[in-house]
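I opened this notebook to record what I looked up in one structure, entry by entry. The model is a predicted one, and I keep that in mind throughout.

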Amino acid sequence: MRNSWLKEPDLEDVVVEGWGGRENLEVVDRVTRCANKLQRWGKKKRVRFKEEIDECVRRMNELRGNQDGEVSLQYQELSEKHATLLIQEEGYWKQRAKMHWLQEGDMNTRFFHMSATARSKKKKVTKLVADNGTEAHTQEELCEVAKSYFDNLFKPRDGDHDPVLNLIQPRVTDDDNFFLTAPITKVEIQQALFQMHPDKSPGPDGFNPAFYQRFWEHCSDDIFSVASTWLERGYLPTSLNETNICLIPKCDNPTSMKDLRPISLCNVLYKMISKVLANRLKCCLDKCVSQEQSAFVEGRSILDNALIATEVIHALKRKTQGRRGGL
């Protein structure tokens, strides 16, 4: 899903038709059908931004200064089209550059273009060394090395957790549990959706948060109904849980799987539900996580303990006088 499409006037008609309206369809099927229709529609909407913008500027220069009413109307239409193309081009490259920190500003298309190009070059993996020392260069060999690495990393291991779990005292009260297990509301789902950045990477279904935020009124009832059913039954469709694994380099020119940090690109529908549950857990998470643990709870920073240790060592190093020891 390209964010530049959101400026197209006929996009809403395609989405409404693809979503299916009152037809008796599962949400997963609606998303698939909507994606197929948008894919066919998008092939006709492929815009060569530079050529289109240059053509608009050329025609506007030809018409500029003419006082005829019809010519003035054409000039106004070209001016509006030119502005729309500039916004679409900026949105396209901003989405690819993943510069979420930039909220507003002028048309930074060149900056986004350079950022996207540099990002692509930096994250490209050209060689991986397997555990046995062999080097992989082709796409098939690289995929096999990555698959083998994650198979070994996540394979089940035997172990008895009961001796540890039996030592943990219950922290969640009955009142907390009543709140945690209460039926979800549409407001909670909407809040979870709009907490996501619209340009976040999509999952395997191809839809990013911007799509659902833009067409929330059309799909909210169906999403709320099916999400309530999924949470009540404790079951999610297999296709909803499909995830793309993206490898982020930890260093320049990575050559080992240990040099790559994996992140999961989940479907937005899946993230909506998990975010609803995470928002509920916030109310009692501080009871379950000890004060010495400096992460996972709002208001705490994962760097707090490291900074305290650094300051303590620094203070000990500076104490060069006196007979009383500091440690």
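The entries below go through a backbone angle, the aromatic rings, the cysteines and one helix.

**Entry on the backbone.** I looked up phi for Phe-296 and found a value near 75°, which is positive although the residue is not glycine. Most residues other than glycine have a negative phi, so I thought a positive one deserved a note. Phe-296 belongs to the loop between α13 (285-288) and α14 (304-318), and with a relative accessibility of 68% I list Phe-296 as exposed, because the cut-off for that class is over 50%.

**Entry on the aromatic pairs.** How many aromatic pairs does the count come to? I noted 6 aromatic pairs. One of them joins Phe-150 and Phe-154, whose rings are stacked with 6.0 Å from centre to centre and 10° between the planes. The two partners were then looked up for accessibility: Phe-150 is buried at a relative accessible area of 18%, whereas Phe-154 is exposed at 61%. I next took Phe-211 and Tyr-212, where the ring centres are 5.2 Å apart and the planes stand at 85°, so I entered this pair as edge-to-face. Phe-211 is buried, with 1% relative accessibility, and Tyr-212 is likewise buried, with a relative accessible area of 0%. Following the ring pairs onward, I found that they link Phe-207, Phe-211, Tyr-212 and Phe-215 into a cluster.

**Entry on the cysteines.** I searched for disulfides and the count came to 0. Two cysteines were looked up for accessibility: Cys-143 is partly exposed, at a relative accessible area of 42%, while Cys-266 is buried, at 15%.

**Entry on helix α12.** I checked the length of α12, which has 14 residues (residues 268-281), and the expected span of 20 Å at 1.5 Å a residue agrees with the 20 Å between its end C-alpha atoms. Which residues of α12 are buried? I listed Val-268, Leu-269, Met-272, Ile-273, Val-276 and Arg-280. Viewed down the axis of α12, these buried residues fall within an arc of 150°, and I therefore recorded them as lining one face of the helix. Arg-280, which is on that list of buried residues, also came up in a search for charges over rings, since I found its charged end over the ring of Phe-179, at 5.8 Å from the ring centre.

Definitions and conventions: Residues are numbered from 1 along each chain as its sequence is written. This is a predicted model: local features need pLDDT of at least 70, side-chain atom pairs count only at pLDDT 80 or more; totals for chains, interfaces and linings use all residues. Side-chain values use heavy atoms; hydrogens and water are left out. Helices (H or I, at least four residues) and strands (E, at least two) are DSSP runs, numbered from the N terminus. Buried means under 20% relative accessible area, exposed over 50%, partly exposed in between (1.4 Å probe, protein chains only). Rings of Phe, Tyr and Trp (its six-membered ring) pair if their centres lie within 6.5 Å; planes under 30 degrees apart count as stacked, over 60 as edge-to-face and the rest as tilted. A charge sits over a ring if NZ of Lys or CZ of Arg is within 6 Å of the ring centre and within 35 degrees of the ring normal. A disulfide is a pair of cysteine sulfur atoms within 2.5 Å. The expected span of a helix is 1.5 Å times one less than its number of residues. The arc is that of the directions from the helix axis to the C-beta atoms.
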